[in-house]
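These are my notebook entries on a structure that is new to me. I begin with the sequence and the model side by side.

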Amino acid sequence: MTDHDQVALQVSNINLSFGGVQALHGIGFEVRTGEIMAIIGPNGAGKTSMLNCVNGFYRADPGGSIRYKGRELRGMKTHDIASLGIARVFQGIQTYSGMTSLDNLMTGRHLALDYGVLSSLLYFGTWARKEEMKNRRRVEEIIDFLEIEPIRKKYVGELSYGLRKRVDFGRALAMEPDLLLLDEPMAGMNLEEKEDMARFILDVSEEQGTTMVLVEHDMGVVMDIADHIVVLDFGVKIADGTPEEVANNPVVIAAYLGEEEGD
Ligand SMILES: Nc1ncnc2c1ncn2[C@@H]1O[C@H](COP(=O)(O)OP(=O)(O)OP(=O)(O)O)[C@@H](O)[C@H]1O
Ligand SMILES: [Mg+2]
């Protein structure tokens, strides 16, 4: 059995409601180790809410389960979930605009370090300096990989939206995650920036074997990079399959057409 045959994340029967609004209705899906799984759907479909349930920002209604490598995540705190190697890139911009690109990436390393049980004891002295050098080396590798040397010392607030999103992605990579949750990493980018980001996502997947859940509004963007796609509409899962199966599914086509008419 290869790694790809193993289920990394298993979500079953998740419901989520906010007062009278039910954002998720009995959602279930599986993400295999090393795959790029995409969750797509129109605005308000429940994509972000689903990621929020996985990483503990939202507490789903009682019942159902979210298992990562066999471990139940329901009821766990956000930072305990992160310490299992689950990193998140948020919708919109989350970088620190008053810091340089380099420092933004270093915060990703320090976050990873904080999760170590012994980190506070080991913060001083030679060991800490060695750790810091290791962190710095890893961050330099990421800068190289994401082709952002020219902006490493620039304040993030001065950068274009596309570059800020790239730095944000780098910050998540600096945590060396096992499972990366990406919420619309390509939204607001021009075509060239989108293509670059798609290439980086594929390279991380191939080179590091990182399992990814990629939330995306635009179906076209994920067709080429996702191994498997789940489609949500009004909090209901309406399709689950290969990109080809999903793109040809009449229910999915109707959901997206309905959205265009509504706009
Ligand atoms: N914190 C919250 N409080 C109340 N309602 C919420 C909250 N978060 C999400 N919702 C509602 O849940 C539904 C799903 O929202 P969600 O943000 O998950 O959709 P989405 O698919 O990510 O949409 P988009 O493509 O616009 O990002 C919407 O009706 C939204 O208004
Ligand atoms: Mg969203």
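**Entry 1: a loop residue**

In which loop is Glu184 found? I looked it up in this predicted model, and Glu184 is found in the loop between strand E7 (179-183) and helix H6 (191-208). I then checked its backbone: Glu184 is not a glycine, yet its phi is positive, at about 50 degrees. I also asked whether Glu184 counts as buried or exposed. Glu184 counts as buried because it has 20 C-beta neighbours inside 10 Å, and the cut-off for buried is 20 or more.

**Entry 2: a second positive phi**

I turned next to Phe234, which lies in the loop between strand E9 (228-233) and strand E10 (236-241). Phe234 is likewise not a glycine and has a positive phi of about 50 degrees. Its surroundings gave 15 C-beta neighbours inside 10 Å, so I recorded Phe234 as partly exposed.

**Entry 3: helix H1**

How many of the 8 residues of helix H1 are buried? I found that helix H1, which spans residues 47-54, is mostly covered, with 7 of its 8 residues buried. I listed the buried residues of H1 as Lys47, Ser49, Met50, Leu51, Asn52, Cys53 and Val54. Just after H1, I noted Gly56, which takes a positive phi of about 85 degrees.

**Entry 4: the shell around ligand 1**

I then looked up what surrounds ligand 1. There are 13 residues around ligand 1, and those that come nearest are Phe18, Ala23, Lys47, Thr48 and Ser49. Strand E2 (21-32) and H1 are the elements that give two or more residues to this shell. Which element supplies the largest share of the shell around ligand 1? The largest share, 3 residues, comes from H1. By class, I divided the shell into 4 nonpolar, 8 polar and 1 charged residues.

**Entry 5: the two domains**

My last entry concerns the domain assignment. It gives domain 1 as 1-85 + 177-263 and domain 2 as 92-176. The C-alpha centres of domain 1 and domain 2 lie 25 Å apart. Where the two meet, I noted 12 residues of domain 1 in contact with 11 residues of domain 2. Which element gives the most to the side of domain 1 that touches domain 2? H6 gives the most, with 4 residues. I sorted the residues on that side of domain 1 into 8 nonpolar, 3 polar and 1 charged.

Terms used
Residues numbered from 1 in each chain as written. Chains lettered and ligands numbered in written order. Predicted model: local features only at pLDDT ≥ 70, side-chain atom pairs only at ≥ 80, totals over all residues. Buried ≥ 20, exposed ≤ 12 C-beta atoms within 10 Å, placed from the backbone. Near = placed C-beta within 6 Å. Nonpolar A, V, L, I, M, F, W, Y, C, P; charged D, E, K, R; others polar. Domains from an automatic or database assignment. Contact = placed C-beta atoms within 7 Å.
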